[in-house]
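Here is a short report on one protein model. It covers selected residues, the ligand surroundings and the pockets.

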Amino acid sequence: MNKALRQVIIAGNWKMNKTRPEAKALIEQLKPVAAKASCGVVICVPFTNLETAVELTKGTNIKVGAQNCHFEKSGAFTGEVSADMLKEIGAEYVIIGHSERRQYFGETDVTVNKRTKAALEAGLKVILCVGELLTEREQGVTEEIVGLQTKIALLGVTKEQLKNVVIAYEPVWAIGTGKTATAEQANEVCSYIRGIIAKLYDKAAADGITIQYGGSMNPKNAEELLAQPDVDGGLIGGASLKAEDFGVLLDAASK
Ligand code: PGA
């Protein structure tokens, strides 16, 4: 598998952090840091910061994303935001199926599939999250779980649409815990996912798809993780909230 065939992307997942003034300040700090990067740079901000982020990043290499979207186009879904609304406001990416959505908000593989299709149909790029729980890793079923999540999420997604999908492999036990998967563990599962893509689509699709690792990636471990042949960037929580840390990750991904 040839890493040169695909884009390395570092995406920040701000989660439920940053008021508008705080977001403005962070984006201003990120601009010069991101300008040096040769990898793709994305920030996935809370809904309330989308307009600000789109405005402030115009003419820069920073792309803006949301952290979720609903699968229906409109209607009586109190508290939800549609893919068309995100597209219209200028978002380019949306994270779908993050483990926190699965864990706290009843997200299932089936709703992840619906959201993925709705986002792609609206013209958004999807950062699709998959990953096993600690118990699942301990039971030796990581590949089965991640394989199932990937296959169900991509049901009905065409090969053409797949070009707008990034997969983020995020072992749930490594998210926000400070416990990182070893570089070998991360590569093993990213490579396994690439094999699934080859089976579902073909080798060209598998070679071309960006597969990120996420889960406590930080300035200390980024270089080793990103040097792995099947790890094409990262989805970054904690370390995306400080421009300096995010900058180190962008440097590591730009090598
Ligand atoms: P973390 O979060 O980097 O804080 O572990 C990653 C994520 O949830 O995407």
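Which residues is lysine 63 in contact with, leaving aside its neighbours within four places in sequence? They are Val41, Val42, Ile43, Glu92 and Tyr93. The model is a predicted one.

## Lysine 63

Lysine 63 sits in strand S3, which spans residues 62-66. Its relative accessibility is 34%. That value falls between the 20% and 50% cut-offs, so lysine 63 counts as partly exposed. Cysteine 44 is 19 residues away from lysine 63 along the chain. In space, their C-alpha atoms are separated by 8.6 Å.

## Ligand surroundings

There are 13 residues around the ligand. Lys15, His98, Glu170, Gly176 and Ser216 come nearest. Three contacts to ligand oxygen atoms are tabulated here.

| Residue | Protein atom | Distance to a ligand oxygen atom |
|---|---|---|
| Lysine 15 | polar side-chain atom | 2.8 Å |
| Histidine 98 | polar side-chain atom | 2.6 Å |
| Glycine 238 | backbone N or O atom | 2.9 Å |

Lysine 15 and histidine 98 each place a polar side-chain atom by a ligand oxygen, at 2.8 Å and 2.6 Å respectively. Glycine 238 uses a backbone N or O atom instead, at 2.9 Å.

Two of the residues that come nearest the ligand, Lys15 and Ser216, also deserve a look at their backbone. Most residues other than glycine have a negative phi. Lysine 15 is not a glycine, yet its phi is positive, at about 55°. Serine 216 likewise has a positive phi of about 55° and is not a glycine.

Both residues lie in loops. Lysine 15 is in the loop between strand S1 (9-13) and helix H1 (20-35). Serine 216 is in the loop between S7 and H11. Is serine 216 buried or exposed? It counts as buried, because its relative accessibility is 17% and the cut-off for buried is under 20%.

## Proline 219

Proline 219 also belongs to the loop between strand S7 (211-214) and helix H11 (222-226). Proline 219 has 32% relative accessibility and therefore counts as partly exposed. Which residues does proline 219 touch, not counting those up to four places away in sequence? They are Ala239, Asp245, Val248 and Leu249. Aspartate 207 is twelve residues from proline 219 in sequence. Their C-alpha atoms are 27 Å apart in space.

## The two largest pockets

The largest pocket has a volume of about 520 Å³. Its lining holds 18 residues. Lys15, Met16, Gln67, Arg101 and Phe105 lie nearest its centre. Lys15 is also among the residues that come nearest the ligand. Helix H4 (residues 99-104) gives the largest share of this lining, three residues. By class, the lining of the largest pocket has eight nonpolar, six polar and four charged residues.

The second largest pocket holds about 330 Å³ of space. It is lined by 19 residues. Nearest its centre are Leu162, Lys163, Asn164, Val165 and Gly208. Which elements each supply at least two residues of this lining? They include strand S2 (40-44) and strand S6 (165-169), together with helix H8 (159-162) and helix H10 (203-208). The lining of the second largest pocket divides into ten nonpolar, five polar and four charged residues.

How values were computed
Residues numbered from 1 in each chain as written. Predicted model: local features only at pLDDT ≥ 70, side-chain atom pairs only at ≥ 80, totals over all residues. Heavy atoms only, no water. Helix = DSSP H or I, 4+ residues; strand = E, 2+ residues; numbered from the N terminus. Buried < 20%, exposed > 50% of the residue type's maximum accessible area, 1.4 Å probe, protein only. Contact = heavy atoms within 4.5 Å. 1 Å grid on protein atoms, 1.4 Å probe; cavity = no way out; pocket = protein on both sides within 12 Å on 5 of 7 lines; lining within 4 Å. Points joined across faces, edges and corners; volume = space filled by probe spheres on them. Nonpolar A, V, L, I, M, F, W, Y, C, P; charged D, E, K, R; others polar. Near = heavy atom within 4 Å. Polar contact = N/O pair within 3.5 Å; in protein donor to acceptor, adjacent residues only side chain to side chain.
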